[in-house]
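Open the model in your viewer and keep the selection tool at hand. Each stop says what to pick and what is there.

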Amino acid sequence: MATSTLIVNLWFVMQDQTIALTLCLSMCAAYGLQLGSDHGPLYRLYNDLLQHYKPYIRPRRNPNETVEVVVSYSMASVEALEETTQTVDSSGFLTLQWTDDLLTWNSNEYGGIDYINIPMEKLWFPDLSLTNGLDDLSLILPIGEKARVTSNGSITWFRDLKKRTKCSLDMRHFPFDTQTCSINLIQWVADIRQVNMTAGIVVIEPSLFQRNGEWEITGNSKDTFLHTYSGNKIQTEIEFTFIFKRKYLYYIITNILPVMFLSVLNLGVFLLPPESGEKVSLCISIVLSYAVFLSAIGGSLPEVSDTVSIFSIYLLTMMFLKVATTLITVFVLKVYHQTTEEAYSHSKCLTRRQIQDNFKTDYEQESKLVKQRTPLKKTNTQLAKYLNKIGFTIVSLLTVMITSLCFALLLKEQ
């Protein structure tokens, strides 16, 4: 009997321990589950904001309210400005700011958190398109960026923008030209009653800007335009404009100075006397050298027909002067040699006719008549030299006048 009682007591004790152990394990599991589910205020904030958020709905509690978006642009670099294709390769950063009524919170309820970073793919963003881009469809879409969201619902989105855009170039003042190019952004679907875009600031960030070896930015501006379409749809277009000025030192050394040196050398043709026999050779050498130089610098000249460069016209005019110098030199040499031979022949015929008519055979009389050639030779030589001086004067004046006029027009806008 005592043994049975002992066994029953042991069984009850074991049951009590099993129940106590089960309760202990249950409490531990519940506490661990609670610890695992509480990731802190930041987790709760993200979960509360985005749990029921729809990125395709305009961020307004009142659907009749307009979302105000401020668009700013910071230029980072200018890779190339192509004259032949009239395009600009540039890099910069778009900054878009707006307020989302659905993403506000009380920072005191979430551990004093004032702002968070949320991937743009999870948020509503304005639909923008680059109107002067070369791509088929230049929509401004998120590419993995995160937006900065503050507790009052203010959102700031930094978007990298590296595009090739169209730019109408005016090449008349090449290489002292200044070009104006722009980046145009327009609303793609929404109209001004739903989303109103305004231009913010346009800057060139010194810490980010990478200088270009050929162009420098001398100014910038911003502007906003409204476009009205059928159905009373009004959309906003924002234009960020930049003024580019060409760095002309390279072109002065490689293009302008060689042309001026060849022009001065062209005048040296008239300084050679006609009897030297090297005038035509020098003329042809200068013309050939100029032709070779034109073919060498042809690659640096703009291949644009809309506006012809004044410098290209100047090069063509200098080529005409060199050809004219060659023709003038040929004419001077023709006068010099032809008139001398004609004078000698005329004097010889006159001498023989006078001897036959007067039947004089005296040697002194014949020598006296033959000496009449000398004044004629002297007169023809002076005429050739006089024509040579006239050619030098005319070509010199034309060279100075054309060069002065050309550079006065080129530097007119400087």
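Contact here means heavy atoms within 4.5 Å. Keep in mind that this is a predicted model.

**Stop 1: S90**

Select S90. It sits in strand β2, residues 87–99. Buried or exposed is the first thing to settle for S90. S90 has a relative accessible area of 5%, so it counts as buried. Now show what surrounds S90, skipping neighbours within four places in sequence. The contacts are Y73, M75, S77, V78, E79, L161, K162, K163 and I183.

**Stop 2: from I183 into the sheet**

Stay on I183, one of the contacts of S90. Its bridge partner in β11 is F240. Colour strand β8 (residues 178–187) and strand β11 (residues 233–246): they run antiparallel, joined by 9 bridges. Next add strand β10, residues 215–229. β10 and β11 are also antiparallel, paired over 14 bridges. To see one position in that pairing, pick F225, which stands opposite E237 in β11.

**Stop 3: the nonpolar core**

Which residues have the most contacts inside the largest nonpolar core? Select V71, L94, W98, L123 and F240. The core has 68 residues. Strand β1 (residues 67–82) gives the largest share of this core, with 7 residues. Zoom in on L123. Beyond its neighbours within four places in sequence, L123 touches L50, Y53, P55, L103, I118, A147, V149 and I155.

**Stop 4: salt bridges**

Side chains of opposite charge can pair when their charged atoms come close. The structure holds 9 salt bridges. Visit three sites.

- Select D101 and R60. Their side chains meet in a salt bridge at 3.6 Å, N to O. D101 is in the loop between β2 and β3, R60 in the loop between α2 and β1, and the two are 41 residues apart. D101 is partly exposed at 21%, while R60 is buried at 13%.
- Select D89 and R164. The N to O distance in this salt bridge is 2.6 Å. D89 lies in strand β2 and R164 in strand β7, so the pair ties together parts 75 residues apart in sequence. D89 is buried at 16%; R164 is partly exposed at 42%.
- Select E214 and R246. Their salt bridge spans 2.7 Å, N to O. E214 is in the loop between β9 and β10, and R246 in strand β11, 32 residues apart. E214 is partly exposed at 26%, but R246 is buried at 1% relative accessibility. Finally, add E83 and D177: with E214 and R246 they form one network of salt bridges that share partners.

Note on methods: Residues are numbered from 1 along each chain as its sequence is written. This is a predicted model: local features need pLDDT of at least 70, side-chain atom pairs count only at pLDDT 80 or more; totals for chains, interfaces and linings use all residues. Side-chain values use heavy atoms; hydrogens and water are left out. Helices (H or I, at least four residues) and strands (E, at least two) are DSSP runs, numbered from the N terminus. Buried means under 20% relative accessible area, exposed over 50%, partly exposed in between (1.4 Å probe, protein chains only). A nonpolar core is a set of buried Ala, Val, Leu, Ile, Met, Phe, Trp, Tyr and Cys residues joined through side-chain atoms within 4.5 Å. Two strands pair if DSSP finds at least two bridges between them. A salt bridge is a side-chain nitrogen of Lys or Arg within 4 Å of a carboxyl oxygen of Asp or Glu.
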